[in-house]
Amino acid sequence: MTEAELAYAQTLTPSEQDHLQRRWYWYDWANSAYATTIAAVLISPYLTAVAKESACPGIEDGQTCHTNLNVLGVGIAPGSLAPFTITVSTLISAVVLIFIGAVADRSEHPTRLLGIFSWAGALTACMMFFISGTNWQLGVVLIILANVFFGASMIVYDALLIRIAPPDDRDRVSSRGWAFGYLGGGILLALNLVLLSLHDTLGISEGMSVRISLLSAGLWWAGFAIIPVLGLASLRGTVATPVERSAGVVRGSITQLATTFRELKHYPQTLSFLLAYLFFNDGIQTVIGSASLYGKEQLKFSDSQLVQTILLVQFVAFGGALLFGRLAREHGAKKLILWGLGLWVLVVLAAFFLPERAFMLWLALGLAIGIVLGGTQALSRSLYSQLIPRGRESEFFSLYQAMERGTSWFGTLLFGLVYQFAHSYRLSIVALMVFFVLGGYLLSKCDIREGIRAAGNQVPRVV
C-alpha cells in the first residue's frame, strides 16, 4: 500500500469501514449465483444437450452423438462444444481484462463500472433462458459474453478491497466476503434443486426447469448487485495508479504490464510459485467446470443429482479452507498445498474408475473435492501474498490475474481434445492429472523462505 493510499484508509473511521465492508460483501453474494448455478452446474450439460439435438435430432438422453457440428467451418463434436467454448471465453478474457484493469484504475467512480459490468453480465445470464431446441450458437455467444463481464466485474470488486479495509483487516474482510458468496450461491442452488426435482409435479419439462434456473441466477445477480453498487458509491478511484493517468488506457496498461514482467525476474521464487499455481489451478478449475458434464454424460446422473453434489461441494469447501488453514499453522502452507494436490490426483483417479449411476460414491467424491478445493485455493492465495514485494501488492496481483486467465484454458482445451478424438469423458478427466503432477513438482522446487526474504517480507514461523 502506498503512503497516499494508507493516508486515505486512515481517514475512514472504524464505523465507516464496517459500513462499507458490509455493503462490499453483498457482491460476493450476488455474483455467486452465476458461478454456481450457471457456470459450475447447469450450462455445460445443457449446452451439450442442445448441441447433440442439433447434430443428432431425436437422440436419446445419455447416448453419444458421433456427428460433428459445423463451428466456423471446423467440425466439433457436440460433447466438446462446452469445454471449447469456455476455452475461447477464457482466452478472450485474458486479453480484455488487462485493459479493463487499466480503465478501472483511471476511473473516478469505480462503482459505476462495477454496476455496468455486473448488470451486463446479469442480463447476458438472463438471456440464457432463450437457449432451447437446437440454437447452440446463442449459447456459445452468451457464455463468452457472460464470462467476460463476470471477470471484468471481479477486477473492479477486488480492487475496492484496498479502499475499504486497512492491510491488517484484509484477510478477515476478504474471507467473510468469500464465505458470504458460498452461502448465497448455495441458497439459490438449493432453490433450483427443488425446481429441478419437482418439474414433473409442477407441470414443466426438465429443459424448462433448467432454463428457469438460468434466468433465476441472472436475476439474483442483478438484484443483489444493487446493494454494493449504491452502498459503495461514495468511493472514488485509486489515489495512486501504477502508471500515470496521462499515459492513457491502452499505452498505460501495456506499459504497466511490461514493467511488472521486468520486475518479476528479480524475484525468481515468486515466479516459480506463480508458474506452479498456474498449472495446478488450471487443473482445479477444469475439474470443477467439467464435473457436471462428466457426471451427466459419462456417469448418467440427473440434473438434480448434480445440483445436490455442487451444493455439497459448496458448503464443504468453506470448511476445508478452515481445516487447511488450521493445519498450516503447524505444517506450513506449502506442505498443505502439496498434500492437497496429492488428494486432487486421487480424486481424478477415483472419478476415472467410478461406476455409472453410483451416486453415493459420487457424493463421497464431492466431499473430497470440497475439502481440497477450499483448502488449496485459500492457502495458495495467502502463500502468494507472502512472496509479493511490499508496496507492490496491486501490481503483482494484477499480473496474477492476467496470467491465470491467460493459461487457464489449457485444461479445458485438453479435456475437449481428448473427448474429440477418443469420445470418452473418462479419458478426458484422467488426463487432467498432468496439471496436478506438474504443478506439485514446480511447487516442491520453490524455496518459499528465500522468496519471502527476497521480497523484503518477514518470514513467518512456519511456511
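**Helix crossings and cores, by the numbers**

Tutor: Let's start with α11 and α16, whose crossing is left-handed. Keep in mind that this is a predicted model.

Student: Okay, what makes α11 roughly antiparallel to α16?

Tutor: Look at the angle. Helix α11 (residues 333–353) and helix α16 (residues 433–444) pack at about 165°, with axes 9 Å apart. Angles over 145 degrees count as roughly antiparallel, so α11 and α16 get that label.

Student: Which residues of α11 and α16 meet?

Tutor: On the α11 side you have K334, I337, L338, L341, W344, V345, V348 and L349. Facing them in α16 are M433, F436, V437, G439, G440, L443 and S444. By class, that contact has 11 nonpolar, 3 polar and 1 charged residues. The glycines go in with the polar ones, because Gly is counted there by definition.

Student: Now α10 and α12. Why are they called oblique to each other?

Tutor: Helix α10 (residues 303–331) and helix α12 (residues 359–386) cross at roughly 40°, and their axes come within 6 Å. Under 35 degrees would be roughly parallel, and roughly perpendicular runs from 65 to 115. The α10–α12 angle fits neither range, nor the one over 145, and therefore the pair is oblique. This crossing is right-handed, and the contact has 18 nonpolar, 10 polar and no charged residues.

Student: What makes K300 count as partly exposed?

Tutor: Its relative accessibility is 24%. Buried means under 20% and exposed means over 50%, so K300 is partly exposed. You'll find K300 in the loop between α9 (268–298) and α10. Its phi is near 65°, a positive value in a residue other than glycine. Most residues other than glycine have a negative phi.

Student: And how do you know that H423 counts as partly exposed?

Tutor: Run the check again: H423 has 28% relative accessibility, so the verdict is partly exposed. H423 sits in the loop between α14 (410–422) and α15 (425–430), with a positive phi near 50°.

Student: Which residues have the most contacts inside the largest nonpolar core?

Tutor: W24, M128 and I164, in a core of 66 residues. The largest share, 18 residues, comes from α2. As for M128, not counting residues up to four places away in sequence, M128 touches Y34, I38, I43, L142, I143, A146 and L214. There's also a second, separate core of 55 residues, including L264, V348, I369 and I448.

Terms used: Residues are numbered from 1 along each chain as its sequence is written. This is a predicted model: local features need pLDDT of at least 70, side-chain atom pairs count only at pLDDT 80 or more; totals for chains, interfaces and linings use all residues. Side-chain values use heavy atoms; hydrogens and water are left out. Axes are lines fitted to C-alpha atoms, for helices over the stretch in contact, and angles run from 0 to 180 degrees between N-to-C directions. Helices (H or I, at least four residues) and strands (E, at least two) are DSSP runs, numbered from the N terminus. A crossing is left-handed if the near helix is turned anticlockwise from the far one by less than a right angle, and right-handed if clockwise. Buried means under 20% relative accessible area, exposed over 50%, partly exposed in between (1.4 Å probe, protein chains only). A nonpolar core is a set of buried Ala, Val, Leu, Ile, Met, Phe, Trp, Tyr and Cys residues joined through side-chain atoms within 4.5 Å. Contact means heavy atoms within 4.5 Å.
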